[in-house]
Amino acid sequence: MAATASAQKKLVQYVVVRSDLIHTMAWPLGAVITQACHATTAAIHLYYSDPDTQDYLADLDNMHKVVLEAKDQESLSKLASTLSEKGVAHKLWMEQPENIPTCLALKPYPKETVQPFLRKFKLFK
């Protein structure tokens with residue numbers, strides 16, 4: 001039943017990664033992918049009890065994630081501030097020990113709930 005509820009709601013976990021880490025700062029692709037993994041895992045952990053998170057996890061073979069790109073730290077930080085102001089649950093991942101914001105992951109949400117906040121971000125390339 002949870003899988004059906006999840007499919008009807010079209011639950012999506014959005015991930016926003018800084019593209020300048022690769023294109024300007026020359027981070028290895030694997031290191032950037034790791035940042036996204038850290039952020040999504042942290043968001044799932046932080047919001048584990050949330051009903052949408054539970055529905056999302058109930059159908060592991062059909063999880064849906066969308067990975068978007070933020071052009072730089074300022075763009076990612078501005079998104080994090082907007083999401084916080086609007087009460088949108090997310091995790092801004094800070095790479096340690098440098099304390100650099102690298103990635104942001106939302107908890108799973110119905111697509112239409114959070115898409116308006118993410119429209120200006122393109123798919124990560």
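How do the residues of the lining of the largest pocket divide into nonpolar, polar and charged? I began with this question and found seven nonpolar, two polar and three charged residues. I counted Ala, Val, Leu, Ile, Met, Phe, Trp, Tyr, Cys and Pro as nonpolar, Asp, Glu, Lys and Arg as charged, and the others, Gly among them, as polar.

**Basis of the entries**

I worked from a predicted model, in which local features need pLDDT of at least 70 and side-chain atom pairs count only at pLDDT 80 or more, while totals for chains, interfaces and linings use all residues. I numbered residues from 1 along each chain as its sequence is written, and side-chain values use heavy atoms, with hydrogens and water left out.

**Largest pocket**

I noted a volume of about 170 Å³ for the largest pocket. I took a pocket to be an open set of points, on a 1 Å grid over the protein atoms alone, where a 1.4 Å probe fits, with protein on both sides within 12 Å along at least five of seven lines; lining residues have an atom within 4 Å of a point. Grid points are joined across faces, edges and corners, and the volume is the space filled by probe spheres set on the points.

I listed the lining as Lys10, Leu11, Val12, Tyr14, His64, Val66, Leu68, Lys111, Gln115, Leu118, Arg119 and Phe121. At least two lining residues come from each of β1 (11–18), β2 (65–70) and α6 (111–118). Helices (H or I, at least four residues) and strands (E, at least two) are DSSP runs, numbered from the N terminus.

I then looked up Leu11, which belongs to strand β1. Leu11 is buried at a relative accessible area of 5%; buried means under 20%, exposed over 50%, and partly exposed in between, with a 1.4 Å probe and protein chains only. The C-alpha atoms of Leu11 and His64 are 7.0 Å apart, although 53 residues separate the two along the chain.

**Cysteines**

I found zero disulfides in the structure, a disulfide being a pair of cysteine sulfur atoms within 2.5 Å. For Cys37, the nearest cysteine sulfur is that of Cys103, 8.9 Å away. Why is Cys103 without a bond to Cys37? The sulfur atoms are unbonded because 8.9 Å is too far for a bond. I recorded Cys103 as buried, at 0% relative accessibility, and Cys37 as partly exposed, at 44%.

**Aromatic rings**

I searched the whole structure for aromatic pairs and obtained zero. Rings of Phe, Tyr and Trp (its six-membered ring) pair if their centres lie within 6.5 Å; planes under 30 degrees apart count as stacked, over 60 as edge-to-face and the rest as tilted.

I did find Lys107 over the face of Tyr109, at 3.8 Å from the ring centre. The criterion is NZ of Lys or CZ of Arg within 6 Å of the ring centre and within 35 degrees of the ring normal.

**Backbone**

Most residues other than glycine have a negative phi, and most peptide bonds are trans. I therefore noted the bond from Gln96 to Pro97, which is cis with omega near 10°. Pro97 lies in the loop between β3 (90–95) and β4 (100–106).

The loop between β3 and β4 also holds Asn99, whose phi is positive, near 60°. Asn99 is partly exposed, at 46%. Ala26 has a positive phi of about 60° and lies in the loop between α2 (20–23) and α3 (29–46). I recorded Ala26 as exposed, at 62%.

**Chain separations**

I placed Ser19 in the loop between β1 and α2, where Ser19 is buried at 8% relative accessibility. The C-alpha atoms of Ser19 and Lys71, 52 residues apart along the chain, are separated by 5.4 Å.

Gly30 is in helix α3 and is partly exposed, at 41%. I noted 24 Å between the C-alpha atoms of Gly30 and Leu118, which stand 88 residues apart along the chain.
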